[in-house]
Amino acid sequence: MEQPDMRLMEPPRLVLNPTVTPLLPAPQLTGTLGGPEIWIKRDDLIPFGCGGNKIRGLELIVADALRAGADTLVTGAGTLSNHVRATAAAAAFAGLGMSAVYWGDPPQKAKGNHLLSVLWGARTRFTGSSDRNSVDAMLEVEAADIRAAGGRPYVIPRGGACALGVIGHVHAVGEVMAQCRQAGIRPDCVVMAVGSGGTLAGWLLGSRLLGASWRVEGITVSRPAAEARVRVKDLADQAADHLGLARSVAADDVVIHDGFIGAGYGIASPAGMSAIERAARSEGVVLDPVYTGKAMAGYGALLGAGRYGDATTVLFLHSGGLPSLFVDGNA
């Protein structure tokens, strides 16, 4: 299959990250865990909004909001959300208002990502329900209130999980493939955390479009793997439709591992905290307790069970999330 010209596929973009983030070997971590050579894609080092790969999708999403004439971004999740924090920073940069809808009740004090969102000017609203899905309906209520007051809202789904958000991660695949060629490595597998599903959808679609030889696997940190697989497949299809391309990600391509969420989304797990300590002490790399810590714990457990015995090189995506480490009960 002829590979598409990614430059022709890219929707309008607001440049928030003008850099290529490092792809670095992790020899001490490899030695500690054993198994394949580990390389880490350091999207935590994106130099905007306290980093994290949510910035990649927001470059396209916010550009679309500006094109549509919006004056306020509306999105939501939990108070530990990297996406909400990154959206608040992007809104401030673009001169837009920002409304953050959170599930649950207001905490006594804003901390971590929540604190940063408020610092960047986000107006906050809480659903009063512990059901994460309560955010979805409240986003529309918030948007209606903004319209009633004469504003022009632009609603972004939880986690930035939409076609434009996925396409931001499609382009990350091309970036990493170029880095691998330069470094002279051929990863057998790419491993990442899966929350809302947009990152994995983008990597699966991008790997298909660009002919990457690696397999891509996710470790769910948010919802059962069966539910996550359906979401990821749907998001990959939405992105392909948006680009006017054939749907090339099959259901069997979506590999997501269960068993590492712990007590729940956003709640630090003992295994995840152990993985954070291991990465910090072996490489000086700081993972986070919500996403990458649990994903690294999952990788280590799967490695011990023989999952990656046929691999020589594994690429681990560090998608960011450092502010959540400094919330009570995590550090």
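Start with the sheet: in this predicted model, select strands β1, β2, β10, β7, β8 and β9, and you will see six strands lined up in that order as an open sheet with mixed pairing. Now look at the two ends of the row. β1 (23-25) and β9 (255-257) are the edge strands, and each has a single partner, so one side of each has no neighbour in the sheet. Turn the view to follow the twist, which averages 30° from one strand to the next.

Next, move to a pair within the sheet. Select residues 189-194 for β7 and residues 215-220 for β8: these strands run parallel to each other, paired over six bridges. To pick out one position here, show Ala 193, which sits opposite Ile 219 of β8.

Now add helix α8, residues 198-210. The helix lies across β7, β8, β9 and β10 (313-318), and runs at about 170° to β8.

Which residues does Trp 203 touch, leaving aside those up to four places away in sequence? Show its side chain and you will find His 169, Ala 172, Val 173, Val 176, Val 190, Met 192, Trp 214, Val 216 and Leu 317.

From Trp 203, widen the selection to the largest nonpolar core, which has 106 residues. Trp 203 is among those with the most contacts inside this core, together with Leu 73, Leu 200, Trp 214 and Tyr 299. Colour helix α7 (residues 163-183) as well, since the helix gives the most to the core, with nine residues.

Last stop: colour by domain. Domain 1 (6-51 + 161-325) and domain 2 (55-155) both contribute residues to this core, which therefore lies between them.

Note on methods. Residues numbered from 1 in each chain as written. Predicted model: local features only at pLDDT ≥ 70, side-chain atom pairs only at ≥ 80, totals over all residues. Heavy atoms only, no water. Core = buried A, V, L, I, M, F, W, Y, C linked by side-chain atoms within 4.5 Å. Buried < 20%, exposed > 50% of the residue type's maximum accessible area, 1.4 Å probe, protein only. Helix = DSSP H or I, 4+ residues; strand = E, 2+ residues; numbered from the N terminus. Domains from an automatic or database assignment. Contact = heavy atoms within 4.5 Å. Pairing = 2+ DSSP bridges. Axes fitted to C-alpha atoms, helices over the stretch in contact; angles between N-to-C directions.
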